[in-house]
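Please examine the sequence and the model shown below. The explanation that follows proceeds from a sheet within one chain to the interfaces between chains.

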Protein chains: 4
Amino acid sequence: VSLPVAIVGASGYTGAELFRLLHAHPEVEIAGVHGKSSAGKRLAEVYPQLAGVSELVLEVADPEAIARRAEVVFSALPHGESAALCEALVARGRRVLDLSADFRLRDLEAHRAWYGEHHAPALAARAVYGLPELHRRELREAALVAVPGCYPTAAVLAVAPLLEAGLIATPLVVDAKSGVSGAGRSPSLATHFPEAGEGIRPYKIAGAHRHTPEIEQELERLAGAPVRVSFTPHLVPMSRGILACVYGAARAGGGFHECLVARWRDEPFVSVLPPGTLPDTSFVRGSNRVHVAVAHDARTGTLVAMSALDNLVKGASGQAVQCLNLMMGWPETTGLRAIAPFP
Amino acid sequence: VSLPVAIVGASGYTGAELFRLLHAHPEVEIAGVHGKSSAGKRLAEVYPQLAGVSELVLEVADPEAIARRAEVVFSALPHGESAALCEALVARGRRVLDLSADFRLRDLEAHRAWYGEHHAPALAARAVYGLPELHRRELREAALVAVPGCYPTAAVLAVAPLLEAGLIATPLVVDAKSGVSGAGRSPSLATHFPEAGEGIRPYKIAGAHRHTPEIEQELERLAGAPVRVSFTPHLVPMSRGILACVYGAARAGGGFHECLVARWRDEPFVSVLPPGTLPDTSFVRGSNRVHVAVAHDARTGTLVAMSALDNLVKGASGQAVQCLNLMMGWPETTGLRAIAPFP
Amino acid sequence: VSLPVAIVGASGYTGAELFRLLHAHPEVEIAGVHGKSSAGKRLAEVYPQLAGVSELVLEVADPEAIARRAEVVFSALPHGESAALCEALVARGRRVLDLSADFRLRDLEAHRAWYGEHHAPALAARAVYGLPELHRRELREAALVAVPGCYPTAAVLAVAPLLEAGLIATPLVVDAKSGVSGAGRSPSLATHFPEAGEGIRPYKIAGAHRHTPEIEQELERLAGAPVRVSFTPHLVPMSRGILACVYGAARAGGGFHECLVARWRDEPFVSVLPPGTLPDTSFVRGSNRVHVAVAHDARTGTLVAMSALDNLVKGASGQAVQCLNLMMGWPETTGLRAIAPFP
Amino acid sequence: VSLPVAIVGASGYTGAELFRLLHAHPEVEIAGVHGKSSAGKRLAEVYPQLAGVSELVLEVADPEAIARRAEVVFSALPHGESAALCEALVARGRRVLDLSADFRLRDLEAHRAWYGEHHAPALAARAVYGLPELHRRELREAALVAVPGCYPTAAVLAVAPLLEAGLIATPLVVDAKSGVSGAGRSPSLATHFPEAGEGIRPYKIAGAHRHTPEIEQELERLAGAPVRVSFTPHLVPMSRGILACVYGAARAGGGFHECLVARWRDEPFVSVLPPGTLPDTSFVRGSNRVHVAVAHDARTGTLVAMSALDNLVKGASGQAVQCLNLMMGWPETTGLRAIAPFP
């Protein structure tokens with residue numbers, strides 16, 4: 001028998017991607033899709049890729065009704081809106097995967113500074129950060145998963161082994177490049193095709209982007225010490241993908257590639273590229289994989305740790321499904337084995 | 001037990017796409033991948049999206065060896081090269097799906113005019129044209145399938161019901177727009193990013209493109225009379241997708257949408273979009289679906305029959321897998337239910 | 001001494017393009033830039049390409065003040081808003097080039113049907129349609145120029161000589177493909193990068209697009225008889241450019257290319273491409289040129305008349321400057337000789 | 001009277017861009033265009049944007065014939081091929097602007113290590129590095145100008161004032177993103193649209209790119225001390241543009257923006273963006289301008305110095321024309337005042 005799940009916030013890009021992945025998941029049945037502005041519409045009306053695929057109608061997100069129907073709930077609501085729903089569902093004994101930022105920062109002070117007042121502070125301590133490569137054990141038991149941001153997933157997976165092994169010094173520079181779908185489905189001048197379609201630009205640099213404290217939180221956990229990163233996100237004329245380059249001073253003369261290989265050997269979704277091959281977002285688009293590599297610039301003593309992933313899959317909805325698999329005790333790759341449809 | 005299949009010409013885009021789809025197919029095992037120039041290399045070296053996914057090594061395409069190992073063979077060799085291999089495999093009792101143009105034209109004179117001397121003329125008569133929506137019955141028994149070209153699939157599916165029903169007059173204009181992957185993986189000035197990346201252009205128009213006789217062949221079969229099309233292909237700055245607009249004079253005052261709905265009702269991969277919605281390649285990218293719609297311009301008496309598909313899936317490799325499902329008596333959608341990863 | 005000109009609606013794309021072209025025009029001085037929502041801002045704040053180039057500040061569009069300062073006024077206001085301003089300026093003896101649709105349709109009934117009530121009906125009869133290739137003589141004396149739409153410019157220039165010469169039959173099919181800047185600078189879901197960036201789609205087809213009556217008006221003038229066109233615009237993932245393919249039945253067996261050559265021989269901005277070369281928007285981007293070609297599909301008796309232009313230059317602001325040159329008796333190419341910056 | 005100039009290597013992108021810029025230059029007449037593989041063809045056949053603009057025919061590059069006809073010669077030949085021609089022309093008293101890398105590195109040992117044997121070592125010492133912002137005085141007298149590489153122009157202009165002023169520590173990280181036209185007009189798998197069109201990737205990182213020593217040479221000159229940079233170039237799905245982010249440790253608590261403003265105040269082509277505005281390649285495309293900005297990440301003590309330019313204009317051909325203006329004593333902006341055609 002299938003596990004009934006619900007998707008709240010299904011009319012956004014991560015919601016639609018959850019639908020795509022869960023639709024292909026052999027152990028799951030999508031019991032309901034929920035939205036606010038588009039409640040009452042057929043999901044296929046909002047997303048024509050579902051024409052002929054699904055007749056589901058978007059409903060408002062009533063926790064009581066959702067809890068009756070679904071065992072597990074994915075929330076893709078905006079931050080600030082998600083916490084209360086998650087709380088209501090957890091209170092009803094449902095397990096919840098929250099793709100918003102509401103439960104990502106453990107430090108409620110930091111949360112307040114970056115996102116405003118927390119709407120479910122009591123619950124925050126129970127949330128598990130949904131990066132399986134770092135939190136697999138806790139995820140198996142989690143009632144509430146805070147699915148990581150796209151940039152933090154890319155940055156942390158790029159550099160984690162080097163930091164754990166003491167091979168790279170801090171502070172770090174994270175120069176990351178994202179496809180435009182990372183900005184969500186709401187139109188804006190910044191994402192209007194003629195403005196974003198044939199050029200590249202940085203935005204919210206030098207500590208202004210909300211993913212900065214999230215990256216630092218996870219890296220500090222690994223380093224066992226304060227870590228500061230200077231984070232420069234960019235908007236690139238492509239729909240999907242994040243490429244992250246993490247720079248820091250090398251603390252050894254070699255062994256960097258080997259460090260990655262050893263650390264990620266058993267990870268089903270992390271591929272350390274062979275020496276000489278560099279990550280390219282084209283090769284992970286549409287899949288849950290992350291490609292990583294490291295280079296040592298001996299002349300400057302700099303390490304360049306790189307990763308490429310799909311911001312909507314490993315950077316959001318695919319990662320959520322990976323967490324679900326852990327929570328349910330299913331093989332971690334269930335429903336996530338699809339190869340990136342390159343080109 | 002899985003069906004062992006082989007992919008010949010695996011280093012091209014349709015070959016890679018066959019690998020992607022067959023890798024996800026529950027009834028199939030990929031027993032071998034074969035190429036010429038890249039024989040000896042790991043497929044993952046040629047296609048980094050396979051890093052961590054497959055350790056298969058490309059081998060030369062020896063029919064004897066292939067026949068020993070595979071029950072069914074997909075050939076994605078270039079036209080002219082494919083026929084002899086197909087013949088050798090069919091002679092050894094293997095069922096073959098040929099993605100080249102070698103067996104698409106029934107008229108060997110026409111084949112000679114467009115493609116040069118046929119290398120397996122005796123076999124040509126036995127090939128079944130692999131468009132399930134029109135040839136489903138014959139495909140179940142086929143030993144050799146000529147998988148249609150991408151443009152013919154788009155053009156024929158756009159207009160077939162209208163032509164069958166006598167609702168559209170000929171000649172037709174087919175104005176079709178393709179992503180650049182349709183040109184294959186060999187670099188050329190025409191597909192060099194700075195030349196093709198931010199503009200649109202027609203090419204091989206007014207009867208110069210080899211897909212013209214293929215479109216006409218299938219439409220004539222439906223119309224039961226000669227059909228001439230004026231075909232204008234275009235190159236669009238996107239990787240995947242074909243959008244076809246087929247124009248012809250209306251032979252009735254209405255009933256066009258209903259005609260499509262009735263004809264395609266039971267087709268698992270053809271979606272007639274609701275009135276007011278128009279096809280968009282973004283919504284079929286990466287999936288085996290084709291979206292169709294029709295509009296009647298009453299002022300000019302013109303019908304506009306439209307379709308959108310992914311040239312590498314429904315226009316090539318997905319269609320081949322759909323044919324395989326028919327040949328093997330499996331549910332036709334096996335391994336092909338993935339939703340388009342929009343955006 | 002320079003001619004003082006003003007640009008109203010300078011914060012839109014055609015307004016910015018007017019600024020770019022007039023800034024490079026040797027006989028002109030930009031005396032003022034005017035907007036509504038952005039009044040009070042520096043133009044360089046709205047358009048960072050002007051950083052270090054211009055310190056002009058956007059002002060509200062008061063006709064009295066504008067007339068005091070400028071001899072000639074370009075209005076790039078939205079349709080419906082432009083007419084009243086144009087009337088006020090013409091009443092003050094200023095010559096006006098209106099880039100909106102307010103004065104394009106001579107038939108006020110048609111205008112009402114497509115755009116709503118006309119706000120300066122008395123003035124409409126005095127407007128000259130600003131397509132120099134067809135209306136050069138009247139433009140020299142014009143007090144008010146209705147600068148053509150982008151699609152009509154492309155469609156009309158593609159087919160005009162053939163229609164004049166009786167070489168093509170009607171009705172016509174106009175299948176046109178446009179870059180996204182044609183939709184203006186206001187963000188929308190349709191122009192949001194993830195929706196429009198990697199796919200192609202038709203919109204407002206079968207007589208639904210407002211440029212339909214404008215195309216027909218000009219073609220009827222040439223044909224001396226009613227002309228109906230079935231118009232299919234598309235959105236293409238590129239910022240600039242229109243490619244138009246006009247289809248109709250040939251009324252002769254040849255002489256089509258020669259017809260174009262003879263008709264356009266003395267036109268400074270129309271290039272008939274040599275046989276075998278087809279238009280490509282990449283080669284006209286940023287320039288005021290239009291590339292045209294024609295092909296005869298003898299098998300179907302169809303003519304394919306093609307054109308490529310930049311929707312913001314020859315399709316809007318460049319054409320306006322070309323009209324200005326005519327109005328002022330300057331060489332027609334003044335300020336417009338720039339070569340397209342390909343690639 | 002106009003200055004007769006010749007363009008050698010006119011069939012490449014920088015050659016075509018030289019043609020575009022020199023065609024618009026009021027003091028110059030293009031006396032000849034020269035190529036190798038395309039000699040004998042009309043330039044408009046190689047570059048259709050010139051249809052109707054130029055009838056010039058490409059000729060082989062005979063130094064004697066060129067020297068007879070042209071006073072100044074631009075060489076856009078590949079490195080290794082250019083030096084001998086430059087030598088022959090200088091020997092004949094012609095002034096030469098070399099866009100290849102042949103004369104960029106002053107250290108002939110370094111040149112040999114990166115590019116192989118130098119073909120005109122005696123001449124190398126006389127070459128002036130063609131970055132007007134740093135070498136204006138010497139350029140006025142130069143007989144031979146080594147026009148800088150695109151990445152070095154971007155990187156050096158981004159960080160030069162901070163380094164001169166001692167506000168930034170070394171080593172530096174240069175994370176730069178380039179449009180695909182930087183790879184030239186020769187097709188390759190890396191620049192094939194389906195490979196490069198919808199993804200981003202780094203290449204030749206960690207000291208492997210030939211622009212590394214060129215960046216270091218110029219920065220060392222400014223710093224008066226050895227400077228090491230770790231350079232990470234990327235390929236971005238756009239035709240034109242380079243965005244460079246230069247990272248280094250801050251050596252002061254503030255005054256960074258002011259430093260840029262003071263240093264670039266009188267530079268005609270460098271715009272320091274107002275605080276809060278970040279560079280975007282879209283806003284400099286097609287123009288000779290470079291946009292720069294700096295941000296201080298106080299938490300990590302990192303400076304982010306950024307620049308955006310068009311790799312074919314300020315990064316190559318426009319810079320060459322700027323140098324020509326200096327050499328001839330013309331106003332430095334002659335022929336280069338065009339505003340970027342955004343969008």
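How many bridges join strand E13 (residues 290–297) of chain C to strand E14 (residues 302–309) of chain C? The two strands run antiparallel and are joined by 7 bridges; within this pair, C:Val294 stands opposite C:Ala305 in E14(C). Strands here are DSSP runs of E of at least two residues, and helices are DSSP runs of H or I of at least four residues, numbered from the N terminus; two strands pair if DSSP finds at least two bridges between them.

The model is predicted: local features need pLDDT of at least 70 and side-chain atom pairs count only at pLDDT 80 or more, whereas totals for chains, interfaces and linings use all residues. Residues are numbered from 1 along each chain as its sequence is written, chains are lettered from A and ligands numbered from 1 in the order in which they are written, and side-chain values use heavy atoms, with hydrogens and water left out.

E13 and E14 belong to an open sheet of 7 strands in chain C, with the order E9-E10-E8-E11-E14-E13-E12 and mixed pairing. Strand E9 (201–202) and strand E12 (270–272) of chain C each have a single partner strand, so one side of each is left without a neighbour in the sheet. In general, strands of a sheet pair through backbone hydrogen bonds, either parallel or antiparallel.

The next topic is the interface of chain C with chain B. Here 48 residues of chain C are in contact with 48 residues of chain B, contact meaning heavy atoms within 4.5 Å. The two chains bury about 3,600 Å² between them, 60% of it on carbon and sulfur atoms; buried area is the accessible area (1.4 Å probe) that two parts lose on being put together, summed over both. C:Ile200, C:Tyr247 and C:Arg299 supply 16% of the area that chain C buries against chain B, more than any other three residues.

Between chain C and chain B there are 8 salt bridges, each defined as a side-chain nitrogen of Lys or Arg within 4 Å of a carboxyl oxygen of Asp or Glu. One of them links B:Asp175 and C:Lys177, at 3.1 Å from N to O. Several elements of chain C each supply at least two residues of the side that touches chain B, including helix H10 (211–223) and strand E11 (242–249). E10(C) gives the most to this side, with 5 residues.

How are these two copies related? A rotation of 180° with 0.0 Å of shift along its axis superposes chain C on chain B (RMSD 0.0 Å), the fit being by least squares on the C-alpha atoms of residues with pLDDT of at least 70 in both. The copies are therefore related as by a two-fold rotation axis. In chain C, the C-alpha nearest the axis is that of C:Pro237, 3.2 Å from it. Because 100% of the interface residues of chain C are also interface residues in chain B, the copies meet through the same surface.

Chain B also touches chain D: 21 residues of chain B are in contact with 21 residues of chain D. These chains bury about 1,700 Å² between them, 54% of it on carbon and sulfur atoms. In chain B, B:His192, B:Phe193 and B:Glu198 lose the most area to chain D, together 36% of what that side buries. The interface has 4 salt bridges. B:Glu195 forms a salt bridge with D:Arg185, with the closest N and O atoms 2.8 Å apart. Helix H9 (residues 193–196) of chain B provides the largest share of the side that touches chain D, 4 residues.
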